[in-house]
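Me: I have a protein model here and some labels I would like to see justified. Take me through them, please.

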Amino acid sequence: MADYPYQEVNEMPRCGSCGKLLTRGGLKAERLDNTLIFCSAKCLEIFDTYKAPKYGEAAVWPESIVG
Ligand SMILES: [Zn+2]
C-alpha cells in the first residue's frame with residue numbers, strides 16, 4: 001500500500017449532478033452560495049435546469065462542494 005497514488009475514495013469529490021467520483025479535473029461552478037464541481041458541462045446543465053429548480057438547496061450534495 002506504500003505510495004498509493006490516489007486519494008481515498010471518501011476524500012474525492014463527486015459530480016454534483018450524476019454523482020460520479022472525480023479523480024481529477026472537473027468543472028467548478030458557483031451555485032447556491034457554494035463552489036460545486038461537475039464532471040462535464042452537460043451535468044452542470046442538468047443541475048441548472050433540473051436539480052436546482054426541483055430541489056433547491058437540497059440539490060447541493062456535500063460531496064460536491066469544493067473549496
Ligand atoms: Zn456528472
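Reply: What follows sets each label against its definition.

Reply: This is a predicted model: local features need pLDDT of at least 70, side-chain atom pairs count only at pLDDT 80 or more, and totals for chains, interfaces and linings use all residues. Residues are numbered from 1 along each chain as its sequence is written.

Me: What makes up the secondary structure of the protein?

Reply: One helix and two strands. From the N terminus on, they run β-β-α. Helices (H or I, at least four residues) and strands (E, at least two) are DSSP runs, numbered from the N terminus.

Me: How do you know that S1 and S2 pair?

Reply: Two strands pair if DSSP finds at least two bridges between them. S1 and S2 have five bridges, in the antiparallel sense, so they pair by that definition. As one case, Glu30 has Thr35 in S2 as its bridge partner. The two strands form a hairpin with two residues between them. Leu32, in the turn, has a positive phi of about 50°.

Me: Why is Gly19 called exposed?

Reply: A residue is exposed if 12 or fewer other C-beta atoms lie within 10 Å of its own, buried if 20 or more do, and partly exposed in between; C-beta atoms are placed from the backbone. Gly19 has 12 within 10 Å, so it is exposed. Gly19 is found in the segment before strand S1 (27-31).

Me: How do you know that the span of H1 agrees with its length?

Reply: The expected span is 1.5 Å times one less than the number of residues. For the 15 residues of H1 that gives 21 Å, and the end C-alpha atoms are 20 Å apart, so the two agree. H1 also bends by about 40° at Phe47. That bend is the angle between axes fitted to the seven residues ending there and the seven starting there.

Me: Which residues form the largest nonpolar core, and what makes a set of residues a core?

Reply: A nonpolar core is a set of buried Ala, Val, Leu, Ile, Met, Phe, Trp, Tyr and Cys residues joined through C-beta atoms within 7 Å. The largest has eight: Cys15, Leu36, Ile37, Phe38, Cys39, Cys43, Leu44 and Phe47. Strand S2 (34-38) and helix H1 (41-55) each supply at least two of these residues.

Me: Which residues of H1 are buried, and what covers them?

Reply: Cys43, Leu44 and Phe47 are buried. Their cover includes S1 and S2.

Note on methods: Two residues are in contact if their C-beta atoms, placed from the backbone, lie within 7 Å.
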